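I opened the notebook to look up how this chain is put together. I wanted the fold, the buried parts and the charged pairs.

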Amino acid sequence: MRRFPLLFGLLFLLALSGCGGGPRHDLGQSAPLECVPFARALSGVNLRGDAADWWDLADGLYARGETPQVGAVMVFDRSSRLAYGHLSVVSRVMSGREILVTQANWLHHRVTTDQLAVDVSPEGDWSLVRVWWPPSNALGTTEYPVLGFIYSGRPASHDRIVRAVPDAVRTALDD
């Protein structure tokens with residue numbers, strides 16, 4: 001019973017965080033969940049397993065590619081900093097080399113919306129990115145390998161993504 005008031009308060013704060021259209025450079029909202037169930041709930045891409053494994057698991061089930069689209073799941077490969085990889089959902093395409101992502105657990109147990117991710121790959125193919133780091137209020141200095149984007153096949157818009165965050169948190173917490 002104590003979980004309901006906490007969850008309601010969290011959902012209210014997340015709903016408020018969706019106001020406005022620009023990048024969010026805050027520390028996000030506290031939510032004790034991981035990136036995988038959150039990305040699954042927010043994107044509609046119904047896969048399980050470690051984040052980096054989603055790329056291979058999506059083969060034959062979902063369209064995949066190297067072009068960001070709103071609602072697509074960006075799959076980070078395993079690295080020294082991301083032992084299991086990481087998943088982010090594209091919430092806005094800003095340019096050919098800049099997108100905003102909504103994600104869980106980029107900051108430990110926090111959901112962050114509209115965080116800047118920049119393609120820093122030499123070929124401009126989104127195989128290497130840097131991501132906004134809220135504690136420093138700046139683009140992070142670490143370059144992360146990306147396997148690509150998984151497309152859910154359902155229509156998405158920035159507003160739909162932002163509005164869906166509270167429900168995605170609730171679904172992910174129950175997952």
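**Entry 1. Overall make-up**

I began with burial. Of the 175 residues in the protein, 49% are buried. I note here that the model is predicted.

Next I listed the elements. I found four helices and nine strands. Starting at the N terminus, I read their order as α-β-α-α-β-β-β-β-β-β-β-β-α.

Then I looked up the surface. The accessible area of the protein is about 8,500 Å². Carbon and sulfur atoms account for 54% of that surface.

I also checked how far contacts reach along the chain. I took contacts between residues at least 6 apart in sequence, and 57% of these join residues at least 24 apart.

**Entry 2. Helix α2**

Is helix α2 enclosed or open? I checked residues 35-43, and eight of the nine are buried, so the rest of the structure largely encloses this helix. The buried set is C35, V36, P37, F38, A39, R40, L42 and S43.

I then asked what these residues pack against. Among the partners are two helices, α3 (54-58) and α4 (158-174). The strands β3 (73-76), β4 (86-93), β5 (98-104) and β6 (110-119) also pack against the buried residues of α2.

I looked just past the helix as well. G44 follows α2 and has a positive phi of about 85 degrees.

**Entry 3. S43**

I picked out S43, which sits in helix α2. Its relative accessibility is 1%, so I count S43 as buried, the cut-off being under 20%.

I looked for a polar partner. A polar atom of the S43 side chain lies 3.0 Å from the backbone nitrogen of V45.

I set aside the neighbours within four places in sequence and listed what else S43 touches. The contacts are G71, V73, V89, S152 and R154.

**Entry 4. Salt bridges**

How many salt bridges does the structure hold? I have seven on the list. I took three of them in turn.

I started with R40 and D175. Their closest N and O atoms are 2.5 Å apart. R40 belongs to helix α2 and D175 to the segment after α4, so this pair ties together parts that are 135 residues apart in sequence. I compared burial at the two ends. R40 is buried, at 11% relative accessible area, whereas D175 is partly exposed, at 48%.

D53 and R78 came next. Their side chains form a salt bridge, with 3.1 Å from N to O. I placed D53 in the loop between α2 and α3, and R78 in the loop between β3 and β4. The two residues are 25 residues apart, and the pair links distant parts of the chain. Both ends came out as partly exposed: D53 has a relative accessible area of 31%, and R78 has 35%.

The third pair was D119 and R97. I read 3.7 Å between their closest N and O atoms. D119 lies in strand β6 and R97 in the loop between β4 and β5, so the pair ties together parts 22 residues apart in sequence. D119 is buried, with a relative accessible area of 2%. R97 is partly exposed, with 35%.

I also looked for shared partners. R40, R48 and D175 are joined into one network by salt bridges that share partners.

**Entry 5. Strand β6**

I went back to β6, the strand that holds D119. Nine of its 10 residues are buried, so I call β6 mostly covered, taking buried as under 20% relative accessible area.

Which strands pair with β6? I found β1, β5 and β7.

I took β1 (residues 29-30) to begin with. It pairs with β6 in the antiparallel sense over two bridges. Here I saw S30 opposite R110 of β6.

I moved to β5. It runs antiparallel to β6, and six bridges join the two. A104 has V111 in β6 as its bridge partner. I checked the hairpin of β5 and β6 too. It has five residues between the strands, and N105 takes a positive phi near 70 degrees.

I finished with β7 (residues 128-133). It pairs with β6 through three bridges, again in the antiparallel sense. I noted V131 in β7 as the bridge partner of A117.

Terms used
Residues numbered from 1 in each chain as written. Predicted model: local features only at pLDDT ≥ 70, side-chain atom pairs only at ≥ 80, totals over all residues. Heavy atoms only, no water. Buried < 20%, exposed > 50% of the residue type's maximum accessible area, 1.4 Å probe, protein only. Contact = heavy atoms within 4.5 Å. Salt bridge = Lys/Arg side-chain N within 4 Å of Asp/Glu carboxyl O. Areas by Shrake-Rupley, 256 points an atom, 1.4 Å probe, with all protein chains shown as cover. Polar contact = N/O pair within 3.5 Å; in protein donor to acceptor, adjacent residues only side chain to side chain. Pairing = 2+ DSSP bridges.
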